[in-house]
Amino acid sequence: MTGIPVFSDGNAPLQALSSAYAGGDATGRRRTIAELEQSLALLRSALESTADGVLVVDLAGRIVGYNQKVADLWGIAPALLQDGGDREMLEAAFARLRDRNGFFDRVRAIYAQPDDESFDVLELGDGRTVERYSKPQRINGHSVGRVWSFRDVTERRSAEVQAQELAREQAARSEAEASERRAAFLAEASRILSTSFDYQTTLATLARIAVPTLADYCTVDIADDDGTFIRLGSAHEDAASEEILRASDGIEQISATQEHPVMRVLTGEGAILVPDVSDEMINSSYTSEPSRRESAALSPRSLICVPLVVTGAPFGALTLVSSESGRRFGPEDVALASELAQRASLAIENARLFHQAQQASRARDEVLAVVAHDLRNPLNTVLMATDLLLETGVADGSREQRQLQMIRKAAERMNRLIQDLLDVKRIESGRLTVDPRPEGVAQILTDALDMLRPIARGSAIQLDSTVEDQLPAVIDLAPPPPQC
């Protein structure tokens with residue numbers, strides 16, 4: 001290594017050497033020279049043992065010190081760095097390396113501000129990455145040059161990139177698994193919620209579904225007519241704590257203020273997230289001290305309250321609370337709770353529509369029963385009077401007898417139509433039975449013409465029919481109904 005590397009801690013031996021020569025003390029000069037040589041030897045040893053490449057340059061940019069590592073790092077011959085360095089050969093060597101950051105241009109720029117330290121990263125053209133650090137060196141307060149250190153961080157940067165990619169892959173995999181678990185949970189929740197058409201049962205089931213998958217405990221409340229709410233369902237992971245919750249189930253009025261999360265949701269505020277539940281929040285949510293104590297006894301830590309919406313308006317609220325587990329809810333938990341509430345609302349709406357359909361069906365059956373009863377009374381009178389006249393009041397084959405028979409057939413047909421109305425319920429329940437039998441063609445035509453003759457006679461129309469003898473009877477040719 002040629003040249004004398006200049007470092008900020010190297011001025012003491014130089015000052016001692018200057019003093020020794022000035023005093024003419026030969027022994028002192030030899031001792032000082034020996035100490036200086038020892039110091040320089042230690043310095044060379046330190047430079048060669050470091051993992052960084054080091055260059056020492058003077059104010060003119062001439063290389064006055066270096067170590068073998070810097071030549072190896074740059075892939076150049078050490079001779080180019082000796083005796084101050086051959087500027088043109090160095091520039092040509094760095095040009096071959098395609099130094100994208102312009103090493104010598106930066107050196108010149110930094111010398112314009114000799115008191116500045118600098119650090120940057122070089123991306124070399126051969127795919128390597130080098131960290132570069134520069135610090136000015138001074139003697140007696142005057143800048144005499146600069147020390148450059150270079151460290152090859154290619155492998156470290158590559159490992160960092162791989163670690164980042166691995167972290168992204170793991171995060172993406174975790175998110176995919178979490179999404180799959182959420183989808184499976186919501187699918188199972190939809191299946192359970194759809195098993196009952198009783199909305200109160202559905203709401204009670206909703207609280208049980210959410211614990212412990214989503215929360216440590218859960219409550220389901222619906223709005224009451226007087227502006228308060230009624231608790232219809234609750235569930236807690238701990239059996240003892242669940243008794244505290246169930247004490248409020250079915251209570252028609254809970255001592256809640258307008259600051260209570262459920263009241264805020266029912267008044268249209270939307271989903272509410274409270275990442276950290278405070279004592280002040282508990283105290284401001286209830287009007288009575290016992291309710292505050294009961295709520296505090298459950299040790300709520302974090303809370304989500306989302307609306308149950310039917311026909312565009314909130315009618316209830318689903319509240320999820322974290323306690324002993326210490327879980328802290330975030331926006332993704334709000335999204336999952338909102339999706340669960342939406343599916344529960346859909347199940348409740350289906351139950352409500354089913355209940356309305358049942359009520360409408362019962363009302364229709366009641367009306368049909370009344371109509372059938374009221375129609376059959378005068379119809380039975382007509383049939384009885386007709387039978388009495390046919391038995392006693394008319395001669396066989398007379399015109400009056402035929403008219404009475406027509407009246408009787410019309411009354412019987414009306415009676416069958418009334419029976420058909422009553423058969424609607426049996427048709428819907430699948431209990432209607434049909435007993436097909438062969439019927440003669442002549443009889444069918446005669447019955448039809450007899451019904452139409454009074455109408456035809458009123459319009460001056462004459463009806464006649466001719467039926468050949470020995471015609472086959474009409475039979476039911478429809479395929480049999482499917483077996484349930």
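The sulfur of Cys218 lies 9.7 Å from the closest cysteine sulfur, which belongs to Cys305, and that is too far for a bond. Seen from the other end, the sulfur of Cys305 has Cys218 as its closest cysteine partner, again at 9.7 Å and too far for a bond. A disulfide would call for sulfur atoms within 2.5 Å, and the structure holds 0 disulfides. Keep in mind that this is a predicted model.

How accessible is Cys218? Its relative accessible area is 0%, so Cys218 counts as buried. Cys305 is buried too, with a relative accessible area of 0%. The two cysteines also lead us into the nonpolar interior.

**Two nonpolar cores**

The largest nonpolar core has 33 residues, and Cys218 is among those with the most contacts inside it, along with Val220, Leu206, Leu308, Leu318, Leu320 and Leu340. Two or more residues come from each of α6, α7 (199–210), β6 (217–223), β7 (229–236), β9 (302–310), β10 (313–322) and α12 (331–392). Which element gives the largest share of this core? That is α12, with 8 residues.

Leu206 makes a good place to look around. Leaving aside residues up to four places away in sequence, Leu206 touches Leu193, Val220, Leu308, Leu318, Leu340 and Ala344. A second, separate core of 18 residues includes Cys305, together with Val265, Val274 and Leu298.

**Two open sheets**

Here are the two sheets, side by side.

| Strand order | Pairing | Average turn between neighbouring strands, direction ignored |
|---|---|---|
| β2-β1-β5-β4-β3 | antiparallel | 25 degrees |
| β7-β6-β10-β9-β8 | antiparallel | 15 degrees |

Let us take the sheet that begins with β2 in the table. This open sheet has 5 strands. Its edge strands are β2 (63–66) and β3 (118–123), each of which pairs on one side only. From the β3 edge, 6 bridges lead to the antiparallel strand β4 (residues 129–139). Ser118 stands opposite Ser134 in β4. Helix α6 (residues 154–193) lies across β3, β4 and β5 (142–152), and runs at about 130 degrees to β4. As noted above, α6 also gives residues to the largest nonpolar core.

The other open sheet likewise is built from 5 strands. Why is one side of β7 and of β8 (272–274) left without a neighbour in the sheet? Both stand at the edges with a single partner strand each, so one side of each has no neighbour there. Farther in, β9 and β10 pair in the antiparallel sense over 9 bridges. In this pair, Leu308 stands opposite Gly316 in β10. Leu308 is also one of the residues with the most contacts inside the largest core, and one of those touched by Leu206.

Two helices lie across this sheet. Helix α7 lies across β6, β7, β9 and β10, running at about 40 degrees to β7. Helix α12 lies across β8, β9 and β10, at about 30 degrees to β9.

**The chain as a whole**

Stepping back, the chain has 14 helices and 10 strands. Of its 484 residues, 34% are buried. Among contacts with a separation of 6 or more, 57% join residues 24 or more positions apart. The chain exposes about 28,900 Å², and carbon and sulfur atoms supply 54% of that area.

Technical notes:
Residues are numbered from 1 along each chain as its sequence is written. This is a predicted model: local features need pLDDT of at least 70, side-chain atom pairs count only at pLDDT 80 or more; totals for chains, interfaces and linings use all residues. Side-chain values use heavy atoms; hydrogens and water are left out. Two strands pair if DSSP finds at least two bridges between them. Helices (H or I, at least four residues) and strands (E, at least two) are DSSP runs, numbered from the N terminus. Axes are lines fitted to C-alpha atoms, for helices over the stretch in contact, and angles run from 0 to 180 degrees between N-to-C directions. Contact means heavy atoms within 4.5 Å. A nonpolar core is a set of buried Ala, Val, Leu, Ile, Met, Phe, Trp, Tyr and Cys residues joined through side-chain atoms within 4.5 Å. Buried means under 20% relative accessible area, exposed over 50%, partly exposed in between (1.4 Å probe, protein chains only). Accessible areas come from the Shrake-Rupley method with a 1.4 Å probe; for residues, only the protein chains shown count as cover.
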